[in-house]
Amino acid sequence: MHFLSTLDRRWIYVLIALSVGIPMVFPLKVPLGKVSAPSRRIYEFIEKLPPDSVVWFGFDYYATTRAETEPGARAVARHLFRKGHRIVATSFITDGALISQTVMNALAKEEGKKYGVDYAILGYKAGGQIALKKVCDSIPASFPSDVNGRPLAELPILRNFRKGRDAAMAFTASDTRMFDYYAIVAATQYGVPVTGVSTAVMVPELYPYVNSGQILGILAGLKGSAEYEQMTNMPGEATRAMDAQSVAHLVMVTLIILSNIVYFSQRPRRR
Amino acid sequence: MEFTVPTLIGIWVAAFLTLCIFSFLYHDNPLYKFAEHLFVGVSAGYWMSTYYWQSIRRDMVDKIAEGDWISIVPGILGVLLILRLFPKIGWISRWPLAFLVGISAGFNIVYTMQAQILKQIDATILPLWSGPFWNGAMGAATWSDAMVNWIIVLGVFCALIYFYFSVEHRGPFFGVGSRIGIYILMISFGASFGYTVMARVSLLIGRMLFFKNEFWPAVQRTFGMG
(Lines give C-alpha, C1' and ligand atoms only; values in the text may rest on other atoms or scores of the structure.)
Protein backbone atom coordinates (compact mmCIF):
# COMPACT_ATOMS: atom_id res chain seq x y z
CA MET A 1 0.00 0.00 0.00
CA HIS A 2 2.99 2.32 0.21
CA PHE A 3 2.60 3.27 -3.43
CA LEU A 4 -0.37 5.36 -2.25
CA SER A 5 1.96 7.81 -0.51
CA THR A 6 3.67 8.60 -3.82
CA LEU A 7 0.59 8.32 -6.03
CA ASP A 8 0.23 11.12 -8.55
CA ARG A 9 -2.84 13.12 -7.49
CA ARG A 10 -4.09 13.14 -11.09
CA TRP A 11 -5.07 9.47 -10.67
CA ILE A 12 -7.39 10.59 -7.88
CA TYR A 13 -8.97 13.13 -10.26
CA VAL A 14 -9.54 10.34 -12.78
CA LEU A 15 -11.10 8.15 -10.08
CA ILE A 16 -13.45 10.92 -8.97
CA ALA A 17 -14.41 11.71 -12.58
CA LEU A 18 -15.21 8.03 -13.18
CA SER A 19 -17.14 7.73 -9.92
CA VAL A 20 -19.30 10.67 -11.02
CA GLY A 21 -19.56 9.77 -14.72
CA ILE A 22 -20.29 6.03 -14.59
CA PRO A 23 -23.44 6.25 -12.39
CA MET A 24 -24.83 8.79 -14.84
CA VAL A 25 -24.56 6.32 -17.72
CA PHE A 26 -25.54 3.27 -15.63
CA PRO A 27 -27.94 4.51 -12.89
CA LEU A 28 -27.73 2.59 -9.62
CA LYS A 29 -30.93 4.06 -8.11
CA VAL A 30 -29.39 4.42 -4.66
CA PRO A 31 -32.20 5.13 -2.16
CA LEU A 32 -32.22 8.68 -0.85
CA GLY A 33 -33.02 7.81 2.75
CA LYS A 34 -35.13 9.75 5.22
CA VAL A 35 -36.05 13.32 4.30
CA SER A 36 -34.39 15.77 6.68
CA ALA A 37 -36.58 17.89 8.96
CA PRO A 38 -35.49 21.30 7.55
CA SER A 39 -36.45 20.18 4.00
CA ARG A 40 -39.75 18.72 5.16
CA ARG A 41 -40.68 21.93 6.98
CA ILE A 42 -40.56 23.94 3.69
CA TYR A 43 -42.79 21.41 1.95
CA GLU A 44 -45.31 21.32 4.79
CA PHE A 45 -45.37 25.11 5.05
CA ILE A 46 -46.12 25.53 1.33
CA GLU A 47 -48.81 22.84 1.51
CA LYS A 48 -50.55 24.84 4.25
CA LEU A 49 -50.28 28.28 2.60
CA PRO A 50 -53.65 29.94 1.88
CA PRO A 51 -54.60 29.78 -1.81
CA ASP A 52 -53.25 32.50 -4.10
CA SER A 53 -50.47 33.53 -1.69
CA VAL A 54 -47.65 35.73 -2.94
CA VAL A 55 -44.16 34.39 -2.28
CA TRP A 56 -41.02 36.52 -2.42
CA PHE A 57 -38.45 34.46 -4.32
CA GLY A 58 -34.79 35.53 -4.21
CA PHE A 59 -32.36 34.43 -6.93
CA ASP A 60 -29.22 35.23 -4.97
CA TYR A 61 -26.61 32.93 -6.46
CA TYR A 62 -23.85 33.28 -9.02
CA ALA A 63 -23.79 31.26 -12.23
CA THR A 64 -20.85 29.25 -10.85
CA THR A 65 -23.06 27.45 -8.30
CA ARG A 66 -26.10 26.92 -10.50
CA ALA A 67 -25.60 23.15 -10.39
CA GLU A 68 -26.12 23.15 -6.64
CA THR A 69 -28.74 25.79 -6.00
CA GLU A 70 -30.90 25.81 -9.11
CA PRO A 71 -32.51 22.33 -8.82
CA GLY A 72 -33.88 23.30 -5.39
CA ALA A 73 -35.08 26.68 -6.64
CA ARG A 74 -36.83 25.03 -9.59
CA ALA A 75 -38.43 22.35 -7.39
CA VAL A 76 -39.84 24.88 -4.90
CA ALA A 77 -41.00 27.33 -7.61
CA ARG A 78 -42.74 24.50 -9.48
CA HIS A 79 -44.40 23.35 -6.25
CA LEU A 80 -45.62 26.91 -5.60
CA PHE A 81 -47.02 27.25 -9.12
CA ARG A 82 -48.80 23.90 -8.93
CA LYS A 83 -50.40 24.90 -5.63
CA GLY A 84 -51.70 28.06 -7.31
CA HIS A 85 -49.44 30.54 -5.54
CA ARG A 86 -47.78 33.54 -7.16
CA ILE A 87 -44.10 34.47 -7.23
CA VAL A 88 -42.28 37.79 -7.16
CA ALA A 89 -38.61 37.24 -8.01
CA THR A 90 -35.84 39.58 -6.91
CA SER A 91 -32.06 39.40 -6.83
CA PHE A 92 -29.39 41.00 -4.69
CA ILE A 93 -26.63 39.38 -6.77
CA THR A 94 -25.78 40.66 -10.24
CA ASP A 95 -25.98 37.22 -11.91
CA GLY A 96 -29.42 36.70 -10.42
CA ALA A 97 -30.99 39.26 -12.77
CA LEU A 98 -30.29 37.01 -15.75
CA ILE A 99 -30.70 33.69 -13.94
CA SER A 100 -34.13 34.63 -12.57
CA GLN A 101 -35.36 35.35 -16.11
CA THR A 102 -33.99 32.08 -17.49
CA VAL A 103 -35.43 29.94 -14.71
CA MET A 104 -38.78 31.67 -14.16
CA ASN A 105 -39.71 32.14 -17.83
CA ALA A 106 -38.92 28.50 -18.67
CA LEU A 107 -40.82 27.24 -15.63
CA ALA A 108 -43.81 29.50 -16.31
CA LYS A 109 -43.95 28.23 -19.89
CA GLU A 110 -43.98 24.62 -18.66
CA GLU A 111 -46.63 25.32 -16.02
CA GLY A 112 -48.77 27.64 -18.18
CA LYS A 113 -48.33 30.72 -15.99
CA LYS A 114 -48.69 34.31 -17.17
CA TYR A 115 -46.13 37.06 -16.63
CA GLY A 116 -47.41 39.94 -14.50
CA VAL A 117 -50.35 37.91 -13.19
CA ASP A 118 -48.80 34.73 -11.77
CA TYR A 119 -45.23 35.91 -11.49
CA ALA A 120 -43.02 38.93 -11.89
CA ILE A 121 -39.27 39.41 -12.17
CA LEU A 122 -37.95 42.61 -10.62
CA GLY A 123 -34.25 42.13 -11.36
CA TYR A 124 -31.16 43.19 -9.45
CA LYS A 125 -30.93 45.59 -6.55
CA ALA A 126 -27.54 46.73 -5.22
CA GLY A 127 -26.94 47.20 -1.51
CA GLY A 128 -27.07 43.77 0.15
CA GLN A 129 -28.82 43.75 3.50
CA ILE A 130 -29.70 47.45 3.37
CA ALA A 131 -31.43 46.90 0.03
CA LEU A 132 -33.18 43.87 1.50
CA LYS A 133 -34.54 45.99 4.34
CA LYS A 134 -35.79 48.52 1.81
CA VAL A 135 -37.61 45.80 -0.13
CA CYS A 136 -39.26 44.70 3.14
CA ASP A 137 -40.50 48.27 3.63
CA SER A 138 -41.48 49.12 0.07
CA ILE A 139 -41.17 47.27 -3.22
CA PRO A 140 -41.98 50.26 -5.49
CA ALA A 141 -39.34 52.36 -3.72
CA SER A 142 -36.75 49.62 -4.29
CA PHE A 143 -37.78 48.55 -7.79
CA PRO A 144 -39.42 51.38 -9.76
CA SER A 145 -39.81 48.97 -12.70
CA ASP A 146 -39.43 45.27 -13.45
CA VAL A 147 -36.30 43.71 -14.92
CA ASN A 148 -37.24 44.85 -18.43
CA GLY A 149 -38.10 48.41 -17.44
CA ARG A 150 -41.88 47.88 -17.33
CA PRO A 151 -43.52 50.05 -14.62
CA LEU A 152 -44.78 48.05 -11.63
CA ALA A 153 -48.24 49.61 -11.96
CA GLU A 154 -48.70 47.56 -15.14
CA LEU A 155 -48.19 44.27 -13.26
CA PRO A 156 -51.40 43.05 -11.55
CA ILE A 157 -49.45 40.79 -9.16
CA LEU A 158 -47.87 43.86 -7.56
CA ARG A 159 -51.03 45.91 -7.11
CA ASN A 160 -51.72 44.52 -3.65
CA PHE A 161 -48.24 43.29 -2.86
CA ARG A 162 -46.35 46.47 -2.02
CA LYS A 163 -44.03 45.37 0.78
CA GLY A 164 -41.67 42.41 1.03
CA ARG A 165 -42.73 41.95 4.66
CA ASP A 166 -46.28 41.13 3.46
CA ALA A 167 -45.04 38.02 1.63
CA ALA A 168 -46.58 34.75 2.75
CA MET A 169 -43.07 33.31 2.63
CA ALA A 170 -39.61 34.39 1.51
CA PHE A 171 -37.49 31.83 -0.31
CA THR A 172 -33.91 32.53 -1.28
CA ALA A 173 -31.67 30.41 -3.48
CA SER A 174 -28.32 31.62 -2.24
CA ASP A 175 -24.60 30.97 -2.35
CA THR A 176 -23.64 34.12 -0.46
CA ARG A 177 -24.28 35.85 2.87
CA MET A 178 -27.64 37.01 1.50
CA PHE A 179 -29.23 33.99 3.18
CA ASP A 180 -27.99 35.29 6.55
CA TYR A 181 -29.42 38.70 5.73
CA TYR A 182 -32.84 37.24 4.95
CA ALA A 183 -32.73 35.56 8.38
CA ILE A 184 -31.39 38.65 10.14
CA VAL A 185 -33.60 41.28 8.51
CA ALA A 186 -36.68 39.68 6.91
CA ALA A 187 -37.24 36.99 9.56
CA THR A 188 -35.95 38.55 12.77
CA GLN A 189 -37.11 42.13 12.27
CA TYR A 190 -40.19 41.70 10.12
CA GLY A 191 -41.32 38.18 11.02
CA VAL A 192 -41.40 36.91 7.41
CA PRO A 193 -41.13 33.08 7.29
CA VAL A 194 -37.73 32.61 5.61
CA THR A 195 -36.79 29.45 3.73
CA GLY A 196 -34.28 28.67 1.02
CA VAL A 197 -31.77 26.49 -0.71
CA SER A 198 -28.08 27.09 -0.18
CA THR A 199 -24.80 25.57 -1.28
CA ALA A 200 -23.76 22.73 1.01
CA VAL A 201 -20.65 24.67 2.10
CA MET A 202 -22.87 27.30 3.73
CA VAL A 203 -25.21 24.94 5.53
CA PRO A 204 -23.24 24.48 8.81
CA GLU A 205 -23.16 28.27 9.22
CA LEU A 206 -26.90 28.53 8.61
CA TYR A 207 -28.04 25.76 10.96
CA PRO A 208 -27.90 28.00 14.08
CA TYR A 209 -30.61 30.13 12.42
CA VAL A 210 -32.64 26.99 11.72
CA ASN A 211 -32.21 25.90 15.35
CA SER A 212 -33.36 29.30 16.61
CA GLY A 213 -36.35 29.34 14.27
CA GLN A 214 -35.14 32.38 12.31
CA ILE A 215 -34.95 30.17 9.21
CA LEU A 216 -38.04 28.01 8.89
CA GLY A 217 -36.50 25.41 6.60
CA ILE A 218 -33.50 24.89 4.39
CA LEU A 219 -32.59 22.66 1.46
CA ALA A 220 -28.97 21.63 1.96
CA GLY A 221 -27.41 21.74 -1.50
CA LEU A 222 -28.15 19.04 -4.05
CA LYS A 223 -29.17 16.51 -1.37
CA GLY A 224 -31.83 18.83 0.04
CA SER A 225 -33.07 19.56 -3.47
CA ALA A 226 -33.35 15.84 -4.22
CA GLU A 227 -35.33 15.41 -1.00
CA TYR A 228 -37.71 18.14 -2.12
CA GLU A 229 -38.15 16.58 -5.55
CA GLN A 230 -38.97 13.32 -3.79
CA MET A 231 -41.58 14.93 -1.53
CA THR A 232 -43.30 16.67 -4.44
CA ASN A 233 -43.13 13.55 -6.64
CA MET A 234 -41.41 15.58 -9.33
CA PRO A 235 -38.01 13.93 -9.87
CA GLY A 236 -35.61 16.27 -11.61
CA GLU A 237 -31.93 17.11 -11.94
CA ALA A 238 -31.14 16.69 -8.23
CA THR A 239 -32.67 13.21 -8.04
CA ARG A 240 -30.72 12.12 -11.14
CA ALA A 241 -27.51 13.46 -9.62
CA MET A 242 -27.77 11.61 -6.31
CA ASP A 243 -26.37 8.31 -7.64
CA ALA A 244 -23.19 10.08 -8.73
CA GLN A 245 -23.05 11.96 -5.42
CA SER A 246 -23.35 8.76 -3.39
CA VAL A 247 -20.65 6.92 -5.35
CA ALA A 248 -18.28 9.91 -5.26
CA HIS A 249 -18.74 10.18 -1.48
CA LEU A 250 -18.02 6.47 -1.10
CA VAL A 251 -14.79 6.89 -3.09
CA MET A 252 -13.81 9.93 -0.99
CA VAL A 253 -14.42 8.10 2.29
CA THR A 254 -12.39 5.11 1.04
CA LEU A 255 -9.53 7.43 0.04
CA ILE A 256 -9.57 9.16 3.44
CA ILE A 257 -9.45 5.82 5.26
CA LEU A 258 -6.65 4.49 3.01
CA SER A 259 -4.56 7.65 3.36
CA ASN A 260 -4.91 7.52 7.14
CA ILE A 261 -3.79 3.87 7.18
CA VAL A 262 -0.76 4.78 5.04
CA TYR A 263 0.03 7.80 7.22
CA PHE A 264 -0.08 5.89 10.50
CA SER A 265 1.82 2.90 9.10
CA GLN A 266 4.66 5.19 7.94
CA ARG A 267 4.82 7.36 11.07
CA PRO A 268 7.98 6.71 13.12
CA ARG A 269 7.15 4.75 16.25
CA ARG A 270 7.73 6.28 19.68
CA ARG A 271 10.37 4.62 21.82
CA MET B 1 -34.47 20.30 -26.11
CA GLU B 2 -34.93 22.73 -28.98
CA PHE B 3 -31.70 23.32 -30.91
CA THR B 4 -31.48 26.63 -32.73
CA VAL B 5 -28.17 27.69 -34.30
CA PRO B 6 -27.33 30.16 -31.46
CA THR B 7 -28.15 27.45 -28.87
CA LEU B 8 -25.89 24.95 -30.61
CA ILE B 9 -23.03 27.47 -30.79
CA GLY B 10 -23.54 28.31 -27.11
CA ILE B 11 -23.41 24.66 -26.06
CA TRP B 12 -20.26 23.99 -28.10
CA VAL B 13 -18.53 27.06 -26.62
CA ALA B 14 -19.61 26.06 -23.09
CA ALA B 15 -18.26 22.52 -23.59
CA PHE B 16 -14.95 23.80 -24.99
CA LEU B 17 -14.48 26.25 -22.11
CA THR B 18 -15.37 23.60 -19.52
CA LEU B 19 -12.69 21.31 -20.95
CA CYS B 20 -10.21 24.21 -20.99
CA ILE B 21 -10.80 24.77 -17.27
CA PHE B 22 -10.63 21.03 -16.47
CA SER B 23 -7.31 20.82 -18.33
CA PHE B 24 -5.73 22.62 -15.34
CA LEU B 25 -6.08 19.37 -13.40
CA TYR B 26 -3.37 17.92 -15.65
CA HIS B 27 -1.22 21.00 -15.41
CA ASP B 28 -1.26 24.73 -16.13
CA ASN B 29 -1.56 25.45 -19.87
CA PRO B 30 -2.49 28.22 -22.35
CA LEU B 31 -6.01 26.87 -22.90
CA TYR B 32 -6.74 27.14 -19.18
CA LYS B 33 -5.28 30.66 -19.10
CA PHE B 34 -7.42 31.62 -22.09
CA ALA B 35 -10.64 30.38 -20.45
CA GLU B 36 -9.71 32.01 -17.14
CA HIS B 37 -9.07 35.41 -18.71
CA LEU B 38 -12.19 35.16 -20.84
CA PHE B 39 -14.24 34.40 -17.73
CA VAL B 40 -12.84 37.43 -15.88
CA GLY B 41 -13.45 39.69 -18.87
CA VAL B 42 -16.99 38.47 -19.57
CA SER B 43 -17.88 38.69 -15.85
CA ALA B 44 -16.60 42.26 -15.63
CA GLY B 45 -18.55 43.22 -18.76
CA TYR B 46 -21.74 41.56 -17.52
CA TRP B 47 -21.45 43.16 -14.08
CA MET B 48 -20.84 46.60 -15.56
CA SER B 49 -23.85 46.29 -17.83
CA THR B 50 -26.08 44.99 -15.01
CA TYR B 51 -24.94 47.71 -12.60
CA TYR B 52 -25.68 50.35 -15.21
CA TRP B 53 -29.11 49.16 -16.41
CA GLN B 54 -30.45 47.75 -13.13
CA SER B 55 -28.90 50.21 -10.69
CA ILE B 56 -27.48 53.46 -12.06
CA ARG B 57 -30.08 53.86 -14.81
CA ARG B 58 -33.12 52.65 -12.86
CA ASP B 59 -32.28 54.10 -9.42
CA MET B 60 -30.64 57.36 -10.46
CA VAL B 61 -30.88 58.48 -14.10
CA ASP B 62 -34.59 57.66 -14.54
CA LYS B 63 -35.50 59.13 -11.15
CA ILE B 64 -33.64 62.36 -11.85
CA ALA B 65 -35.44 62.55 -15.20
CA GLU B 66 -38.71 62.35 -13.25
CA GLY B 67 -37.60 65.29 -11.10
CA ASP B 68 -36.44 63.32 -8.04
CA TRP B 69 -33.22 65.30 -7.58
CA ILE B 70 -32.30 63.70 -4.22
CA SER B 71 -31.31 60.59 -6.22
CA ILE B 72 -28.24 62.47 -7.41
CA VAL B 73 -26.65 62.26 -3.92
CA PRO B 74 -25.57 58.57 -4.19
CA GLY B 75 -24.21 59.37 -7.66
CA ILE B 76 -22.09 62.21 -6.27
CA LEU B 77 -20.83 59.96 -3.44
CA GLY B 78 -19.93 57.34 -6.03
CA VAL B 79 -17.96 59.87 -8.08
CA LEU B 80 -16.15 61.07 -4.94
CA LEU B 81 -15.18 57.47 -4.21
CA ILE B 82 -13.49 57.19 -7.61
CA LEU B 83 -11.35 60.25 -6.82
CA ARG B 84 -9.02 57.83 -5.04
CA LEU B 85 -7.46 57.27 -8.42
CA PHE B 86 -6.10 60.85 -8.40
CA PRO B 87 -3.40 61.15 -5.72
CA LYS B 88 -3.68 64.94 -5.25
CA ILE B 89 -7.40 64.93 -4.45
CA GLY B 90 -7.64 61.29 -3.35
CA TRP B 91 -8.35 62.37 0.24
CA ILE B 92 -11.88 63.36 -0.78
CA SER B 93 -12.73 59.67 -1.27
CA ARG B 94 -12.57 59.27 2.52
CA TRP B 95 -15.87 61.12 2.90
CA PRO B 96 -18.06 58.64 1.00
CA LEU B 97 -16.03 55.83 2.57
CA ALA B 98 -16.80 57.24 6.03
CA PHE B 99 -20.46 57.41 5.03
CA LEU B 100 -20.40 53.74 3.98
CA VAL B 101 -18.60 52.64 7.16
CA GLY B 102 -21.01 54.63 9.33
CA ILE B 103 -24.13 53.24 7.65
CA SER B 104 -22.83 49.65 7.71
CA ALA B 105 -21.69 49.84 11.34
CA GLY B 106 -24.94 51.39 12.54
CA PHE B 107 -26.99 48.86 10.62
CA ASN B 108 -24.95 45.86 11.71
CA ILE B 109 -24.75 46.75 15.41
CA VAL B 110 -28.53 46.72 15.72
CA TYR B 111 -29.12 43.61 13.64
CA THR B 112 -26.19 41.62 14.99
CA MET B 113 -27.33 42.24 18.55
CA GLN B 114 -30.90 41.31 17.74
CA ALA B 115 -30.48 38.40 15.33
CA GLN B 116 -27.11 36.87 16.11
CA ILE B 117 -26.72 37.40 19.86
CA LEU B 118 -30.10 37.70 21.62
CA LYS B 119 -31.92 35.21 19.37
CA GLN B 120 -29.05 32.74 19.56
CA ILE B 121 -28.83 32.99 23.36
CA ASP B 122 -32.58 32.47 23.47
CA ALA B 123 -32.19 29.35 21.30
CA THR B 124 -29.77 27.80 23.81
CA ILE B 125 -32.01 28.26 26.86
CA LEU B 126 -33.67 24.88 26.56
CA PRO B 127 -35.59 22.47 28.80
CA LEU B 128 -33.22 19.75 29.98
CA TRP B 129 -35.64 17.33 31.60
CA SER B 130 -38.69 15.41 30.51
CA GLY B 131 -41.43 13.49 32.28
CA PRO B 132 -44.74 14.12 34.07
CA PHE B 133 -43.19 16.44 36.68
CA TRP B 134 -41.72 18.79 34.06
CA ASN B 135 -44.73 20.16 32.24
CA GLY B 136 -45.18 23.02 29.75
CA ALA B 137 -42.23 25.21 28.86
CA MET B 138 -40.18 23.73 31.71
CA GLY B 139 -39.93 20.27 30.19
CA ALA B 140 -38.87 18.76 26.87
CA ALA B 141 -41.50 16.80 24.95
CA THR B 142 -39.54 13.54 25.10
CA TRP B 143 -36.38 12.25 26.76
CA SER B 144 -34.61 12.15 23.38
CA ASP B 145 -35.43 15.87 22.93
CA ALA B 146 -34.05 16.52 26.40
CA MET B 147 -30.85 14.65 25.44
CA VAL B 148 -30.44 16.77 22.28
CA ASN B 149 -30.94 19.88 24.41
CA TRP B 150 -28.21 18.72 26.82
CA ILE B 151 -25.80 18.35 23.89
CA ILE B 152 -26.63 21.86 22.62
CA VAL B 153 -26.33 23.52 26.04
CA LEU B 154 -23.13 21.71 27.04
CA GLY B 155 -21.67 22.18 23.54
CA VAL B 156 -22.21 25.94 23.61
CA PHE B 157 -20.95 26.20 27.19
CA CYS B 158 -17.76 24.20 26.58
CA ALA B 159 -17.01 25.98 23.28
CA LEU B 160 -17.32 29.30 25.10
CA ILE B 161 -14.94 28.07 27.82
CA TYR B 162 -12.42 27.20 25.10
CA PHE B 163 -12.54 30.82 23.88
CA TYR B 164 -12.23 32.27 27.39
CA PHE B 165 -8.56 33.23 27.60
CA SER B 166 -8.42 35.16 30.90
CA VAL B 167 -7.88 31.99 32.92
CA GLU B 168 -5.43 29.15 32.26
CA HIS B 169 -7.24 26.09 30.93
CA ARG B 170 -6.44 23.74 33.80
CA GLY B 171 -8.37 21.86 36.44
CA PRO B 172 -11.70 20.07 36.41
CA PHE B 173 -13.75 23.09 35.24
CA PHE B 174 -11.67 25.08 32.75
CA GLY B 175 -9.36 22.19 31.77
CA VAL B 176 -12.04 19.58 31.12
CA GLY B 177 -14.48 22.19 29.76
CA SER B 178 -12.04 23.57 27.19
CA ARG B 179 -11.04 20.01 26.22
CA ILE B 180 -14.66 19.12 25.49
CA GLY B 181 -14.93 22.48 23.70
CA ILE B 182 -12.11 21.45 21.34
CA TYR B 183 -13.89 18.18 20.54
CA ILE B 184 -17.13 20.06 19.85
CA LEU B 185 -15.25 22.40 17.50
CA MET B 186 -13.55 19.44 15.77
CA ILE B 187 -16.94 17.83 15.15
CA SER B 188 -18.24 21.08 13.62
CA PHE B 189 -15.13 21.33 11.40
CA GLY B 190 -15.72 17.74 10.29
CA ALA B 191 -19.33 18.55 9.40
CA SER B 192 -18.16 21.62 7.46
CA PHE B 193 -15.59 19.52 5.58
CA GLY B 194 -18.22 16.91 4.71
CA TYR B 195 -20.55 19.57 3.38
CA THR B 196 -17.67 21.16 1.42
CA VAL B 197 -16.90 17.82 -0.27
CA MET B 198 -20.59 17.45 -1.10
CA ALA B 199 -20.66 20.97 -2.57
CA ARG B 200 -17.60 20.46 -4.76
CA VAL B 201 -18.80 17.07 -6.02
CA SER B 202 -22.18 18.68 -6.82
CA LEU B 203 -20.47 21.24 -9.03
CA LEU B 204 -18.61 18.48 -10.89
CA ILE B 205 -21.90 16.60 -11.29
CA GLY B 206 -23.43 19.76 -12.73
CA ARG B 207 -20.81 19.92 -15.46
CA MET B 208 -21.04 16.18 -16.15
CA LEU B 209 -24.83 16.46 -16.47
CA PHE B 210 -24.29 19.30 -18.93
CA PHE B 211 -22.13 17.01 -21.09
CA LYS B 212 -24.65 14.20 -20.90
CA ASN B 213 -27.93 16.11 -21.24
CA GLU B 214 -26.97 19.05 -23.44
CA PHE B 215 -23.62 18.57 -25.15
CA TRP B 216 -24.09 14.99 -26.33
CA PRO B 217 -27.53 15.72 -27.92
CA ALA B 218 -25.95 18.86 -29.47
CA VAL B 219 -23.15 16.74 -30.95
CA GLN B 220 -25.74 14.35 -32.41
CA ARG B 221 -27.73 17.26 -33.81
CA THR B 222 -24.63 18.94 -35.28
CA PHE B 223 -23.46 15.80 -37.10
CA GLY B 224 -26.95 14.58 -37.95
CA MET B 225 -26.71 11.44 -35.83
CA GLY B 226 -29.69 9.80 -34.12
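In this predicted model, the axes of helix α1 (residues 5-22) and helix α6 (residues 171-222) of chain B come within 10 Å and cross at roughly 130 degrees. α1(B) and α6(B) are therefore oblique to each other. Their crossing is left-handed. From α1(B), the contact uses B:L8, B:I11, B:W12, B:A14, B:A15 and B:T18. From α6(B) come B:R207, B:F210, B:F211, B:E214, B:F215, B:A218, B:R221 and B:T222. Sorted by class, this contact of α1(B) with α6(B) holds nine nonpolar, two polar and three charged residues.

**Where the chains meet**

Chain B also touches chain A. That contact takes 36 residues from chain B and 40 residues from chain A. On the chain B side, the elements giving two or more residues are α2 (30-65), α4 (94-123) and α6. Helix α6(B) supplies the largest share of that side, 17 residues. By class, the side of chain B that touches chain A has 20 nonpolar, eleven polar and five charged residues.

**Chain A overall**

Chain A has ten helices and six strands. Along the principal axes, its C-alpha atoms fill a box of roughly 75 × 40 × 35 Å. Of the 271 residues in chain A, 49% are buried. Among contacts in chain A with a separation of 6 or more, 74% join residues 24 or more positions apart.

**The sheet of chain A**

Six strands of chain A form an open sheet, in the order β3-β2-β1-β4-β5-β6, and the pairing is parallel. β3 (119-124) and β6 of chain A stand at the edges. Each has a single partner strand, so one side of each is left without a neighbour in the sheet. From one strand to the next, the twist averages 15 degrees.

Helices pack against this framework. Helix α4 (residues 94-111) of chain A packs on the sheet and touches β1 (54-60), β2 (86-91) and β3 of chain A. The direction of α4(A) makes about 165 degrees with that of β3(A). Helix α8 (residues 203-212) of chain A lies across β5 and β6 of chain A. It runs at about 165 degrees to β6(A).

The edge strand β6(A) merits a closer look. Strand β5 (residues 194-198) of chain A pairs with β6(A) in the parallel sense, over four bridges. A:V197 stands opposite A:L219 in β6(A). In a regular strand the side chains alternate between the two faces of the sheet. Both faces of β6 (residues 217-220) of chain A are covered. On one side A:G217 and A:L219 are buried, and on the other A:I218 and A:A220 are buried.

**Positive phi in chain A**

Most residues other than glycine have a negative phi. Two residues of chain A, listed here, have positive values.

| Residue | Phi | Loop | C-beta neighbours within 10 Å |
|---|---|---|---|
| A:K29 | near 55 degrees | between α1 (9-25) and α2 (37-48) of chain A | 9 |
| A:D52 | about 65 degrees | between α2 and β1 of chain A | 11 |

A residue counts as exposed with 12 or fewer such neighbours. A:K29, with 9 C-beta neighbours inside 10 Å, therefore counts as exposed. A:D52 is exposed too, because it has 11 other C-beta atoms within 10 Å. Neither A:K29 nor A:D52 is a glycine.

How values were computed
Residues are numbered from 1 along each chain as its sequence is written. Chains are lettered from A and ligands numbered from 1 in the order in which they are written. This is a predicted model: local features need pLDDT of at least 70, side-chain atom pairs count only at pLDDT 80 or more; totals for chains, interfaces and linings use all residues. Axes are lines fitted to C-alpha atoms, for helices over the stretch in contact, and angles run from 0 to 180 degrees between N-to-C directions. Angles under 35 degrees count as roughly parallel, over 145 as roughly antiparallel, 65 to 115 as roughly perpendicular and the rest as oblique. A crossing is left-handed if the near helix is turned anticlockwise from the far one by less than a right angle, and right-handed if clockwise. Two residues are in contact if their C-beta atoms, placed from the backbone, lie within 7 Å. Ala, Val, Leu, Ile, Met, Phe, Trp, Tyr, Cys and Pro count as nonpolar, Asp, Glu, Lys and Arg as charged, and the others, Gly among them, as polar. A residue is buried if 20 or more other C-beta atoms lie within 10 Å of its own, exposed if 12 or fewer, and partly exposed in between; C-beta atoms are placed from the backbone. Two strands pair if DSSP finds at least two bridges between them.
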